[in-house]
Structures are given as C-alpha cells and as structure tokens.
Amino acid sequence: MSHSRNLFRLLPRSLPASTIASRPFSTTAPAFVKAGDRIPDIDLVEASPGNKVNLAKELQGKGLVIGVPAAFSPACSASHIPGYLNSASLKEAGKVFVVSVNDAFVMKAWGATLDPQNKSGIRFLGDPDAKFTEALDLSFESASIFGNNRSKRYALKVEDGKVKEAYVEPDNTGVDVSSADKVLQ
C-alpha cells in the first residue's frame, strides 16, 4: 500500500490549462476507409430483409457508394441525395448505391420519396446492424440524435471492388466534401 501512495505523490496534482488545451484528444490518425481498400464482403438489404445485396460483388466495374447518417433526415433528403439525383454527371458514375444504418423498409420508402419513378437508377440499401458501416470504420456515436450509432456522411468512388477515392465528411454529418458537386467532377 505504501508503494502505491508514493506513486500518487509523483503525479502532478493539476496541469496548467495551456498544457491540456495544446494536447490533441487522440494521437492516432483516423483509420477509416481509404483509396485502395476493398469494399467489405458484407450483405446489405434492399426493399425487404430477405433481399440481400453484396456491394463487393455488385461493384466489379465502376460505381459509387454514398453513405448517409439517416434516411429522411433534413440534410440527407433536402440536399445531399437530391444533389446526386439532379446531377448530369450521375450516369458516368456507374452503379450507384445509397447506404444508411436503417432497415430495408425505411430505405425503400425513402428511395420512393426521393426518386418515385427510379429514373436515376440509384439503389437504396439498408445496413440495419451497421456491419458494413463498421467494416469501413465509418460509424460514429450518435445515439442522442438518431437512437443508435450511425454512418458518417461519405461517398466512395469504386472500381473493380476497390475504393478509388474516399470523400468522408470531417464533422461526420456535414454536406461538403461528399456533395455531388465535389464527387462527380
């Protein structure tokens, strides 16, 4: 016991505020998906829980995966996905998928709301247990807002099952880096 008491005497009682403020919260760089990574071999769902879609198999040519924090949320519905739906460059992107940590039914309803005639060809996929999102290391703690962990907002240009370019929002939910204007240039 006396040995552990001596250890505590060696620790500073408090650090100056300037020392604490200048230290980064984390000293490791983000590990999320990057160019060269393979698309995870994990099933997602489309329209119903039994309709499995595996993007590692689907994206053997050119394609785009757009990740959003939540179907029907304001930024996702008002600007992020409509930016892609209305882009003249969308057809050059190859197969396009929108993925969210939602169930298949919610994603089907959201897709029908945003693109009722499915003129764009964009497919809306659910990642109900967030396994795909977590495999990309793109989940973030958002239970206070969405009720559970969700996906960061992102877009991945994919060729032959590998990420060619990754556009991940630094604040998790903003619409800047991953906007259609920037991704489909």
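This is a walk through a predicted model, from overall make-up to cores, strands and charged pairs.

The protein chain has 185 residues, and 41% of them count as buried. Eight helices and nine strands make up its secondary structure. Consider contacts with a sequence separation of 6 or more. Residues 24 or more positions apart account for 66% of these. The exposed surface of the chain comes to about 10500 Å². Carbon and sulfur atoms supply 54% of that area.

Start inside. In soluble globular proteins, nonpolar side chains tend to be buried together. Here the largest nonpolar core has 22 residues. Leu64, Ile81, Tyr84, Val98 and Trp110 have the most contacts inside it. Five elements give two or more residues each to this core. They are strand S3 (62–68), helix H4 (74–85), strand S4 (95–100), helix H5 (104–114) and helix H8 (180–183). Helix H4 gives the most, with four residues.

Tyr84 shows what such a core position touches. Set aside its neighbours within four places in sequence. Tyr84 then contacts Leu64 and Ile66 on one side of the sequence, and Leu90, Ile122 and Ala155 on the other. The C-terminal stretch adds to the list: Ser178, Ser179, Ala180, Val183 and Leu184 are also in contact with Tyr84. There is a second, separate core of 19 residues. Its members include Val33, Leu125, Phe132 and Leu138.

Stay with helix H4 for a moment, where His80 is found. Is His80 buried or exposed? His80 is buried, because its relative accessible area is 1%, below the 20% cut-off for that class. Beyond residues up to four places away in sequence, its contacts include Ile66, Gly67 and Val68. Ala75, Arg153 and Tyr154 also touch His80. So do Val175, Ser178 and Ser179. His80 and Tyr84 both touch Ile66. Ser178 and Ser179 likewise contact both residues.

Now the strands. S3 pairs with strand S8 (residues 154–159) in the antiparallel sense, over six bridges. Within that pairing, Gly67 has Tyr154 in S8 as its bridge partner. Gly67 and Tyr154 are also among the residues that touch His80. S8 is joined in turn to strand S9 (residues 162–168), again by six bridges and antiparallel. There, Lys157 is partnered by Glu165 in S9. S8 and S9 form a hairpin with two residues between the strands. Asp160 in this hairpin takes a positive phi near 50°.

A second hairpin lies earlier in the chain. Strand S1 (residues 43–46) and strand S2 (residues 48–54) run antiparallel, joined by four bridges. Val45 has Lys52 in S2 as its bridge partner. One residue sits between the two strands. Ala47, in the turn, has a positive phi of about 75°.

The loop between helix H2 (17–22) and S1 holds Gly36. Gly36 counts as partly exposed, at 44% relative accessibility. What does Gly36 touch, not counting residues up to four places away in sequence? The contacts are Lys162 and Val163. Both residues fall within the range of S9. Glu159 is 123 residues from Gly36 in sequence, yet their C-alpha atoms are 9.7 Å apart.

Charged pairs come next. Side chains of opposite charge can pair when their charged atoms come close. The model has nine salt bridges. One of them joins Asp37 to Lys34, with the closest N and O atoms 3.3 Å apart. Asp37 is partly exposed, at 23% relative accessibility.

Another pairs the side chains of Glu46 and Arg123, at 2.7 Å from N to O. Glu46 lies in S1 and Arg123 in strand S5 (residues 123–126), so this salt bridge ties together parts that are 77 residues apart in sequence. Glu46 counts as buried, at 15% relative accessibility. Arg123 is partly exposed, at 25%. The pair also belongs to a network of salt bridges that links Glu46, Glu58, Lys95 and Arg123.

A further salt bridge brings us back to S8 and S9. The side chains of Glu159 and Lys164 meet there, 3.2 Å from N to O. Glu159 is partly exposed, with a relative accessible area of 35%. Lys164 is partly exposed too, at 46%.

Note on methods
Residues numbered from 1 in each chain as written. Predicted model: local features only at pLDDT ≥ 70, side-chain atom pairs only at ≥ 80, totals over all residues. Heavy atoms only, no water. Buried < 20%, exposed > 50% of the residue type's maximum accessible area, 1.4 Å probe, protein only. Contact = heavy atoms within 4.5 Å. Areas by Shrake-Rupley, 256 points an atom, 1.4 Å probe, with all protein chains shown as cover. Core = buried A, V, L, I, M, F, W, Y, C linked by side-chain atoms within 4.5 Å. Pairing = 2+ DSSP bridges. Salt bridge = Lys/Arg side-chain N within 4 Å of Asp/Glu carboxyl O.
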